[in-house]
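These are my notebook entries on a structure that I had not examined before. I set down what I looked up, entry by entry.

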Amino acid sequence: MKRSFRRIGLADVAILCLLGGVIAGVVAFAREFRAPLAEAVRIDLRFGALPRYALFSLSRGVTALVISYLFALGFGWAAAKSRAAERLLLPLLDILQSIPVLGFLPGLVLGLMSLFPTRNVGLELAAILMIFTAQAWNLALSFYSSLKSLPVPLRDACQVAGWRASRTFWELEVPAAAQGLVWNGMLSMAGGWFFLMVNEAFRLGGRDYRLPGIGSYMSVALDQGNVPAMALAIFAMVAMIVCLDQLLWRPLVVWVEKFRLDESGGGPAPSSWVLEFLRRARLPRRAAMLQLRAYRSARQAARPLERPFRAVGPVILRAPRRAFEHPIARKVGAGLLAAAIAALGALGAWRLWLLVGRLGWAEWGELLAAAALTFSRVMGAVFLSTAWALPAGVVIGRSPRLARALQPVIQVVASFPAPMLFPLVILLFERIGIGLGIGAVALMVLAGQWYILFNVISAVAAIPQQLKDATAAFRLRRLARWRVLYLPAAFPALVTGWVTAAGGAWNGSIVAEYIDAGGALRTTRGLGSLISDATAHANFPLLAGGIALMSLIVVGWNRVVWHSMMEWARSRFGLVQ
Amino acid sequence: MTPGSLLLEAQHVTQRFRLPNGQVLEALRDVSLAVHEHEVVALVGPSGCGKSTLLRLFAGLARPAEGTVLYRGQRLDGVLGAAAMVFQSFALLPWLTVAENVAMGLEARGVDGAARRDAVARAVNLVGLDGFEQAYPKELSGGMKQRVGFARALAVAPEILLMDEPFGALDPLTTENLRSQVVDLWRDPATGVNTLVIVTHSVEEAVFLAGRIVVFGSNPGHVREELENSLPYPRQERSPEFEAMVDRLHAILTATLLPETAPAAPQRLVPFPRVHVSEVTGLLDHLLTRPDGKGPVFELAEDLGVDYDRMSAVVRGAEQLGWVNTPGEIVQLTQAGRDVMAMDDDARKDATRTRLAKQPLFGRLLAMLKEEGTVEDEEVLADLTIYFPFIPAQSLFDTIIEWGRYAELLDHDADAARLALLGWEGAAEARVE
């Protein structure tokens, strides 16, 4: 091998700085993690404090993302490998990704705080878990479907080569899923920011719980009506999102092109200046060599330990597998597992029943009326989002140039957590005399519109050129082109967008119908405000009832309406023949 | 090389699959086959006859539902370490280089460090890929990719090389070249490979490579016949002995693919072959251009550029409509066939309608429709599954709809998932006849 030593360049310095930054960040985060729980951490609104807060928020998001990836790998693998697991896990995933997770925050916080009463750990864990619940499901689904669509001959080839299951997992299954995992990771990260403000600062039964971060910074700024601080927080958030996009996601997206399974690359290859930069740097290669050496010496050091493990390992690892190869043992195991799951489910239902049972008829009536109101707001938001995002999506998707130019911008804008803007928008609405009852619809539009726009753009961009040529060749007029080609082709994606947008709107209703800004509380009747109000007053029966009702409505609507509409759209307007 | 001791054996093997729609297909039923050392065995037969399934069973990639697979007398449990496999779709990992792909099987066999590099270099050299070690598969042509596939298999110096239509995705020139190299590899003692099992679609390929050719029949897959091929290697494709062997195999395959119809039981339901209208008329068009309107089925397949198993399905379709006869492996255009080709489109549709109404399967469906006006897809699909458990019901259903629509005999409402009757009179006439 030819060796050429080059002086350490600019790229290497940058990487070193970055590495130092990561280490410093982790240390600072860890120190904060152990800080004794002072009720309502004081938030410093000076500009100089913002980078630190941004770092804290970022650390939570990244930690949650790492956990989400681990979860997705395990979950997807289990669902793809075992039919029994598949039957249980897929519906579970479907429900988990459509219920309003925000409602579970109070319970989570109280539970974790009682585990760690004197430290901030409980609160931190709760925040991270909440972000996790917004990130994990689509990752898991993506990994599962990648595993399911893996060509059989590739699996066969690995098996014939004698690869162990673990090797097949890391060298076939994960690389084959890499593209989906990265793209979905991008979406997940954006989804994780959505409730940043609530996760970092919320009131529960008159007590303030606050964690240092951009979200709490923004909420304190809102409380004090400090406009420059609000602008700073929004700026910091945008800067963080742009940096993440350029420094993490872009390079990853370009890098995973390598793991594309179908060779017919569609469209121009994405590019990333950061990855180019890294590829030119010498240091990563040296680091890889050092790592190899370290690994080797570690193995050498571990050699004395290897023999006892080799004797014991197979027994530990293989005994259960051998045992489970026996049909009766398998049946018994499966039975026990099913019984345990059923017992857990029954226990949960019983506890919920006890809680909800305390609600009277009047309260149920109020819940239902509020649900009807919020339902009509959600539908209104979906309608309004469609009214602008569908035409815009078609126009952008139709022109590759426009799509290429706007896609990154839209991605960044869409990653911005809409709830951070809610109070500002509401203050604006109050100026022009629109109440929260109607204004909440606009807020829900903010929460859900991007899903529709993204889906329509990608569907329209995927229309085969020949179909577009055909409409041009037969001289269809503009209106006819939309009616005959663009709208039908976009329809299946539009339905997918509706499902997610409605989910976002339901979730958003919890913060959109109950807004605390400039020292004044504004609420409007609705299920979302009911849930928020129950949280603030620690009214747990009402909270449980509200969450249960909202989950029921969302899941039921998904199953009955969206699902059948999706089936119909796919069979009628799918472009795959 | 003469066959040696017993190497691989399938004993009374049955294998089933569950289709996504719930239908259980029997891919193999009670198949027994032995492979000896130093043998080259070719498995041929129509698609869906389970020959690839048997290959996967031999590789230990699947377990039979019934019966056993033995390697040197030992029951096979898990993947067979003595075998390597070459796939039609190459099955290379796109994110690994050629060298890394070739090395895939070496680590599990405990070949490490310098020995692994040597093994890779040797295998790469054997298939003539030197210089391409650091290329990624997407940079290679199809033929080159399959060379990587072979190198990967040869790198582990397997005793048995299993090949699943290894040339199926390659162009004829590349195939020709690789095929003779396979023979060389097998005869070269340095490779360690002494036994080949190949699944193939091509008669010439089977005769060129194999010492024993096993012909499979379908619905469900079973062994029809075995043919010894003792021509000396290297085989000359233009020699009379070679041609004679090809003809013998043709005859056996014809008996499998175009069985002489038993005159008894005219009311027995026969499935309509899953072929398109345009394929049948294409065949008739081609026959018209031939002297006397006839030709051997294998020659037709070659002339029209389709494989023999597709060709025979088209011929069976034309035969069921009475437009061709098949004495032996000759396909002969009938007078009805000539007439129908002389007609204009409308008359041809009418003639097709009359013929189709006489086909027992269509006749049964028409009777159902006359009674009830419309029939749900589900009902028909369930019926088909019961009558033809070995044929994927959905694809047979699609064929029925295509022909029914072409002949303006029935109509299908995809949104309502329902069949309705069209063209009453034509059907009625057919009944009267």
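**Entry 1: Chain A as a whole**

I began with the secondary structure of chain A, which has 21 helices and four strands. I note that the model is a predicted one. I then looked up burial and found that 36% of the 577 residues in chain A are buried. I also looked up how contacts in chain A are spread along the sequence: of those between residues at least 6 apart, 79% join residues at least 24 apart.

For the domains of chain A, I recorded domain 1 as 8–263, domain 2 as 313–356 and domain 3 as 358–577. The centres of domain 2 and domain 3 of chain A, taken over C-alpha atoms, are separated by 39 Å.

**Entry 2: A helix pair in chain A**

At what angle do helix H2 and helix H5 of chain A pack? I found an angle of about 35° between H2 (residues 50–81) and H5 (residues 121–148), with the axes 7 Å apart. The crossing of H2(A) and H5(A) is right-handed. I listed the residues of this contact by class and obtained 21 nonpolar, five polar and two charged.

**Entry 3: Helix H6 of chain A**

Next I turned to helix H6 of chain A, residues 152–160, where Leu154(A), Ala157(A), Cys158(A) and Val160(A) are buried. Viewed down the axis of H6(A), the buried residues fall within an arc of 165°, so they line one face of the helix. I recalled here that an α-helix has 3.6 residues a turn, so residues three or four places apart point the same way.

What covers the buried residues of H6(A)? The cover includes helix H7 (165–193) of chain A, and from chain B it includes helix H1 (51–59) and strand E6 (83–86). Just after H6(A), I noted a positive phi of about 80° at Gly162(A).

**Entry 4: Val499 and Glu513 of chain A**

I looked up Val499(A), which lies in helix H19 (residues 478–512) of chain A. Is Val499(A) buried or exposed? Val499(A) has 22 other C-beta atoms within 10 Å, and a residue with 20 or more counts as buried, so Val499(A) is buried. Setting aside neighbours within four places in sequence, I found Val499(A) in contact with Asn558(A) and Trp562(A). Val499(A) and Ile452(A) are 47 residues apart in sequence, and their C-alpha atoms are 9.0 Å apart in space.

Glu513(A) lies in the loop between H19 and strand E3 (514–517) of chain A. Glu513(A) is buried, because 29 other C-beta atoms lie within 10 Å. With neighbours within four places in sequence left aside, the contacts of Glu513(A) include Leu436(A), Ala440(A), Thr523(A) and Ser529(A). Leu436(A) is 77 residues from Glu513(A) along the chain, and I found 7.0 Å between their C-alpha atoms.

**Entry 5: Chain B and its contacts**

How many residues does each chain give to the contact between chain A and chain B? I found 17 residues from chain B and 17 residues from chain A. On the side of chain B that touches chain A, the classes are 12 nonpolar, three polar and two charged.

Within chain B, I recorded domain 1 as 6–255, domain 2 as 261–342 and domain 3 as 359–433. Domain 2 of chain B gives 10 residues to its contact with domain 3 of chain B, which gives 14 residues. The side of domain 2 of chain B that touches domain 3 of chain B has five nonpolar, three polar and two charged residues.

**Entry 6: Backbone of chain B**

Before this entry I reminded myself that most residues other than glycine have a negative phi, and that most peptide bonds are trans.

Asn219(B) and Pro220(B) are joined by a cis peptide bond, with omega about -10°. Pro220(B) sits in the loop between strand E9 (212–217) and strand E10 (222–228) of chain B. In that loop between E9 and E10 I also placed Asn219(B), which has a positive phi of about 60° although it is not a glycine. Asn219(B) is partly exposed, with 17 other C-beta atoms within 10 Å.

I found another cis peptide bond from Tyr233(B) to Pro234(B), with omega near -10°. Pro234(B) belongs to the loop between E10 and helix H7 (240–257) of chain B.

Lastly, I looked up Asp30(B), in strand E2 (residues 24–36) of chain B. Asp30(B) is not a glycine, yet its phi is positive, near 50°. Asp30(B) counts as partly exposed, with 14 C-beta neighbours inside 10 Å.

Definitions and conventions. Residues are numbered from 1 along each chain as its sequence is written. Chains are lettered from A and ligands numbered from 1 in the order in which they are written. This is a predicted model: local features need pLDDT of at least 70, side-chain atom pairs count only at pLDDT 80 or more; totals for chains, interfaces and linings use all residues. Domain bounds come from an automatic or database domain assignment. Axes are lines fitted to C-alpha atoms, for helices over the stretch in contact, and angles run from 0 to 180 degrees between N-to-C directions. Helices (H or I, at least four residues) and strands (E, at least two) are DSSP runs, numbered from the N terminus. A crossing is left-handed if the near helix is turned anticlockwise from the far one by less than a right angle, and right-handed if clockwise. Ala, Val, Leu, Ile, Met, Phe, Trp, Tyr, Cys and Pro count as nonpolar, Asp, Glu, Lys and Arg as charged, and the others, Gly among them, as polar. A residue is buried if 20 or more other C-beta atoms lie within 10 Å of its own, exposed if 12 or fewer, and partly exposed in between; C-beta atoms are placed from the backbone. The arc is that of the directions from the helix axis to the C-beta atoms. Two residues are in contact if their C-beta atoms, placed from the backbone, lie within 7 Å.
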